[in-house]
Amino acid sequence: MDRISSEVEPALASAGAPPSRLRATAVKVTVSSVPWLIIGGLLWAGLFIKPQPVGGTVQPPILERRDHFYGIARAPAEGIWVAGSHGKIVAIDSQGKAHALQTPTDQTLQDIAVWDGGRGVAVGNEGVVLTTSDAGRRWTAVEGVPRSEVANKLTRVRIAAEGKAIATGEMGALLFSKDYGASWARLRDEEDVAWNDAALLPGSGLVVVGEFGRILVSPDGGSSWRTPDVPVESSLMAVAFRNASEGVAVGLEGVVLSTRDGGRSWQREKLDTQAHLFDVAWDEANQRWLGAGALGTWIKAGAAATDWQSGRLDERDLAWHTRVLPVGGEVWLTGANIGRWDGQRWLALGR
Amino acid sequence: MIERIAAFCMRRRAWVAGTIAFLTVALSWFALHIEVRTVFEDMLPSRHEYVQTHQKFKDTFGGSNMVTIMLEVDKGDIFDMEVLEKVRTLTLGLREVSAVNPFQITSLASKKLKEVRASTDGIETRPLMWPELPANAEELAALKQAVLRNPLVYGPFVSKDLQATLITVDFIDREVDYTKVFDEIGALVKKVENDRVGVRVVGAPILYGWVEHYLPETLKLVAIALALTLAMLFLLLRTWRGVILPLLAGAVSATWALGICHLLGIHFEPLVIVVAMLITSRAVSHSVQIVNRFDDELEHIADGSETSRQAAHVALVDLFRPGMVGVIADAACMAVVALSPIPMLQKLTLLSVVWVMTLTISAVILTPVLLSWIRKPQGTAHGVDLAPLLRKVLDFGLWMALSRFRYVVIGCSVLVLFSSGFYALKLKVGDANPGSPILWPEATYNRDSTAINQRFDGVDRLFVVVGQDGKEGLVKSNEVLQAMNRFQRFMEVQPEIGASISIADVVPVLNSTLREGNPRYEELGATAAINGSLMAILESVSEPGDMDRFVDGQAANGSITLMFRDRQGETIRTAMARIKEFVAANPLQTGEWQLAGGLIGITAAMNEVILASQIEGVALALLVLMIICTVVYRSTVAGMLFMVPVIISNTLTFAFMAWQDIGMSINTVPVAALGIGLGVDYAFYIADRIKEEIAIGTNPEDAIRIALHSAGMGVLVTASVLILSTLLWWASSLRFQAEMGLLMAIWLGISAMSALFVMPSVIYVFRPDFIFGRKDRPVLAGLQPQAH
């Protein structure tokens, strides 16, 4: 056995009383085993310690980069609700702060609508319909929604007072509910056309628009249907009315149609863009029509719906939007991204 | 034994010197022809899972040598004939660059970027801008619209603000010569660059091209550092021998080492010039020690014809053991690095071990042999004498060791050891800053890299492969497409990952196109049947090679490419951990996940290897050191004692690296490993001299004084000279070299300080037997060679 120092050790060993042989040996053994312990420790560490990489943790943001939010509605209290990819419904308050609402589906939701009193409905892929009756705290999937064998994407849902709702979609889906979305019935038989939007007129009038420039008008809540002449063949994506007779429909390739007789006849309006248009809405507060579409396009016109203008929200943001929602002086747009537009400046929510 | 070697060297001094001279001349021919270049393949730990995936798929899904070129305009957008013309010129010009993989050039002007159009006649794909540029304003507007509609181009290849566009080009890894590629691409860029259109270039070949571009500057720095070293030695030692012999020792060992390595087929990496400098500084140190000892001995020997020979003999005998132990400890500690599975580190280790071992000849033997010929040993070459000043420093060390202050010294050392050790735990593996740590943040390369990352989603790539060999068409299956999509969504949550792309991104675009551009269909099909038919349509409209970026020839394997905004160690670790988390949670019924290729993939592999061997490297190097000391001094206590300066200099250096955000990477590992052996050299000379003095009966106080004034003087001279000359590196255009120079200076400083101030105190306080001799045994019972 090796010793650190024959000069220092005896001093160590005899420090304190009484000096005994046993104690001296103990100190000697302890001290001289230190180097061997170090050698052993180094060998062990060298051979067996293999640090493993530890990554940081990442919290997924509520609004993810790949999310599309196709639908938008005013939230029951304040702010808005948006619905989209993976069954997400997100509440966004007026400051732009987002928080996710729990939903029972991961199918992409295409549209959302909210009645007064905290009731709401959302529709989406695979015929999924969700409803809430407590201002979004709990969403439940509705059972027994009529289905097609072929395709079941529901693209829009429109509501009216007393719990009325109409949902449009693929394979001629035109579903109606009178009980805040709890039960649904077909208004028309299945057919190979996609209905993209519907308007519930005051009274019981219905106007439905769809693929290849097709429009349906019903004066009696869907019992009988008429097919007006339409001056275009482009698919129509959205329709909106400001009263029982005056309405606008928009569609692909910059198509804007207007009617002044509750949808019985349609005129094409002039517009200086060829971009696809996906939505149009009547802004009651500012007495104007507003619409949105592909490549960051906006369109607007006065109440007469004849003086259409168009432009880009922002030269550096060419995202598409499937919905516009006028709120006060501003407009919310949602689609590939979500943001507010005040007519001059486009403020997208940060992703 | 040592006595016999010394006697032989002195007796046959002409023969010994002649042999060394002959070998040096012979090896110099080989040394001059050593290849100076960076071989990329050498950096890869070839058995690592990631590297195997990378090697298997790099030709299909993109290698690690990808170069990204960005053209940008300040005003207007890139849809302008002048800019597009330049894109085309570059795209065509790149085909002529050496080692380019012509199938891996992607830009607006290449055949690979296409638009898919659905019309009444069916579906067709058309290259965006190939072979011809737009002929008129209408076609230009149409091109712009086509780009805007295509999410695979608008974003990945054309910036969101339309002011920049990318050209990416990949190389055939085994043929790529960085200097050539750098020069050729540089010439191409110069042709198109003007006031309006800026060009930025990044990628591994460009980065290492820059390193080689600075080679002349580096060599100039080496020359200046050398000149400064010699000038300082001349000033401090006041003799020509004190200048010429260390220079000769350094030159001989460099010649031998480079010559032998050339014969062994090893090339020289420009980045490791720092290591070369470090080893040369060891040669100078050892040689100066011997010259210094020689000068000391002269004072004790009366004038006579045999003075030089006798003094040289004594110097050789006395310094043989500490010199040899120093050299062998250096070499052995470095050899531990060879356990790393990275070929570059193995070759570098071989180079440095050979180099260090040559010091046994060049410094330990050649210097005293040449000293024996000195004709007029007494006298000085100039009148400036700084020795009194240096002696004051040494006296301070002596006072610290002998006064009560020695306990304070030991206490402070322990404190420094623990606090720096604790701080050193923050040391990170991998790059600690965005951009390349090899260059300064304001270097062109790093500015280019930042600019591209600002406009695009990231330049550095990692690919993960999903599939299985032989399972034709597996990637087209619903399960794989859905899994890819989920994976991308999961990964993109990490903010440093700018974007990701796979075949599962192409399908939604096609789906939406087939639905008249309706974004409500910009998603994967709901069923396997829909996805199957979408894939079939995609195949029917694409030409061979179009889908190469996403799937292999049989669609058995598909890639998901993640774009990284930086390659910091932390970013990569987090990404890899998340990939593994996802893979564990999402096993595939058929096929498997294969990690991970691309520059980030192999960087991850290198980082993991370095991390795993970090403890191993330090622990085994310390173990080797301890064993060597134990064997040489026949005492385990000696091993423990010499670990003190080593551990202090290591923890302090690691703490410094952590503080300065210098990460452990393939470039810093060898320097760090060298440091372990380095810390101990100076301590050997001091401790050995104390031991010798004690052995001839000097009392401990005098022994320490003599040791500090003789060996300590050598330590002080070499350390101060070398610290000054390594600090010169701070002027380097390569940040890596500047930081490593600083690191070396710190090392030299700390090890000199611990040898001069800490070791004497420790020895004086603990009185280890291997130095002081056992009290219960005769003092001279050890193996001490007796010189006197």
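Why is strand S6 (residues 197–203) of chain B largely enclosed by the rest of the structure? The legends below take this strand first, in a model that is predicted.

**Figure 1. Strand S6 of chain B and its partner strand S1.** Five of the seven residues of S6(B) are buried, so the rest of the structure largely encloses this strand. A residue counts as buried here if 20 or more other C-beta atoms lie within 10 Å of its own. Strand S1 (residues 67–73) of chain B runs antiparallel to S6(B). Seven bridges join the two strands. One end of S1(B) can be followed by residue: B:Val73 has B:Val197 in S6(B) as its bridge partner.

**Figure 2. Helix H8 (residues 215–237) of chain B, from end to end.** This helix has 23 residues. At 1.5 Å a residue, H8(B) should span 33 Å. Its end C-alpha atoms are 32 Å apart, which agrees. Just after the helix comes B:Arg238, with a positive phi of about 65°.

**Figure 3. The buried residues of H8(B) and their cover.** Look for two threonines, B:Thr218 and B:Thr229, among the buried residues of the helix. B:Ala225 is buried too. So are the leucines B:Leu221, B:Leu233, B:Leu236 and B:Leu237. Which helices help to cover these buried residues? The cover includes H9 (241–263) and H10 (273–300) of chain B. It also includes H25 (700–727) and H26 (735–766) of chain B.

**Figure 4. B:Ile686 in the largest nonpolar core.** This core has 260 residues. B:Ile686 is one of those with the most contacts inside it, along with B:Leu622, B:Leu625, B:Phe642 and B:Val715. Which residues does B:Ile686 touch, leaving aside its neighbours within four places in sequence? It is in contact with B:Ala707, B:Ala711, B:Gly712 and B:Val715. B:Ala755, B:Met759 and B:Pro760 complete the list. A second, separate core has 90 residues, including A:Val129, A:Ala167, A:Leu252 and A:Val256.

**Figure 5. The contact between chains A and B.** Chain A brings 46 residues to the contact, and chain B brings 44. Helix H2 (residues 21–48) of chain A gives the most to the chain A side, with eight residues. What kinds of residue make up that side? There are 23 nonpolar, 14 polar and nine charged residues.

**Figure 6. Chain B as the setting for the close-ups of its parts.** Chain B holds 27 helices and ten strands. Its C-alpha trace spans about 110 × 50 × 40 Å along its principal axes. Of its 788 residues, 57% count as buried. Among contacts in chain B with a separation of 6 or more, 81% join residues 24 or more positions apart.

Definitions and conventions:
Residues numbered from 1 in each chain as written. Chains lettered and ligands numbered in written order. Predicted model: local features only at pLDDT ≥ 70, side-chain atom pairs only at ≥ 80, totals over all residues. Contact = placed C-beta atoms within 7 Å. Helix = DSSP H or I, 4+ residues; strand = E, 2+ residues; numbered from the N terminus. Nonpolar A, V, L, I, M, F, W, Y, C, P; charged D, E, K, R; others polar. Core = buried A, V, L, I, M, F, W, Y, C linked by C-beta atoms within 7 Å. Buried ≥ 20, exposed ≤ 12 C-beta atoms within 10 Å, placed from the backbone. Pairing = 2+ DSSP bridges. Expected span 1.5 Å × (residues − 1).
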